[in-house]
Amino acid sequence: MTAPTLSTGIAVLGVAGRMGRALVEAIQDSPEAVLAGATVREGSPFIGTDAGVMAGVGSTDVEVTATLDESCDVIIDFTSVEALAANLELATRLDRPIVIGTTGLSDEQKALLDEAARQIPIVFAPNMSVGVNVLIDIVGRVASLLGDTYDVEIIETHHRFKKDAPSGTALRLGEAAADALGRSLAECAVYGREGHTGERTAREIGFETVRGGDVVGDHTVLFAGLGERVELTHKASSRLTFATGAVKAAVWLAKKPPGLYDMRDVLGLSGE
């Protein structure tokens, strides 16, 4: 008889948010995971309610709380950049792996990730979607094959509530192209164009940002040559795709040693 698979107990920080609710649904749908904790900020009206009922997926017998204990195996954080330091401190204090999907981090906050990763396992990625991370891998390969004679432009569209621009995913796509072409994105990125800009330079990588409505997330990488162009596009129609990827990352991370990982590691795209 085959031994039963033990489920990974996952705690969701900021469970009342759009992504928090999607994460509860994704955990409920996963045969490898179980909800083991759900938090909201102090004073939230959701404290004391059932996390599954709040998320619209039925009872989970997990009560929403303002604090987290050691009853979980892994933590998932999609809250905010302002909460990152506190959430890293929490994960370190509890000695629990953490999956972080928050975007718009500063260099100082990325340094906090590096520091915490010396003590606990961390998966950090600007986009947890399996499809997006496959796209990132493909963009690097296509850029390498097409070379410097094709102009690279990245167009991203998100809902009106998104706070950072360009999206972390767009920047990661730009990094993939720049790395493959032997460029530094910090030196060649152009964020929007206005007025008399002159001719486009050969080495720049352009970004255009669109915000409106309830668009979950669209990304297109355009390789434009003379006489032809190649367009690689990913469109997300539901936040559940990001949540499903994050749960996959949490299950993978549960048994890993301390270190800073990304979705390429989770999906086996890193070559390691």
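These are my notebook entries on a sheet, a cis peptide bond and two backbone angles in a predicted model.

**Entry: the sheet**

I began with the strand order and found an open sheet of six strands, which runs S2-S1-S3-S4-S5-S11 with parallel pairing. At its edges I noted strand S2, residues 33-38, and strand S11, residues 259-261, each of which pairs on one side only. For the turn between neighbouring strands of this sheet I wrote down an average of 25°, with direction ignored.

I then looked up one pair within the sheet: strand S4, residues 98-100, and strand S5, residues 121-124, are joined by three bridges in the parallel sense. On following Ile100 across, I found that Phe124 in S5 stands opposite.

**Entry: the peptide bond before Pro166**

As background, I keep in mind that most peptide bonds are trans. The bond between Ala165 and Pro166 is cis, with omega at about -10°, and I placed Pro166 in the loop that links strand S6 (151-158) to helix H6 (168-180).

**Entry: positive phi**

Most residues other than glycine have a negative phi, and I therefore recorded the two exceptions that follow.

Asp61, which is not a glycine, has a positive phi of about 60°, and I located Asp61 in the loop between helix H2 (51-55) and strand S3 (74-77). Its relative accessible area is 73%, so I entered Asp61 as exposed.

Asp95 also has a positive phi, near 60°, and lies in the loop between helix H3 (84-94) and S4. Is Asp95 buried or exposed? Because exposed means over 50%, I count Asp95 as exposed at 52% relative accessibility.

Methods: Residues are numbered from 1 along each chain as its sequence is written. This is a predicted model: local features need pLDDT of at least 70, side-chain atom pairs count only at pLDDT 80 or more; totals for chains, interfaces and linings use all residues. Side-chain values use heavy atoms; hydrogens and water are left out. Two strands pair if DSSP finds at least two bridges between them. Helices (H or I, at least four residues) and strands (E, at least two) are DSSP runs, numbered from the N terminus. Axes are lines fitted to C-alpha atoms, for helices over the stretch in contact, and angles run from 0 to 180 degrees between N-to-C directions. Buried means under 20% relative accessible area, exposed over 50%, partly exposed in between (1.4 Å probe, protein chains only).
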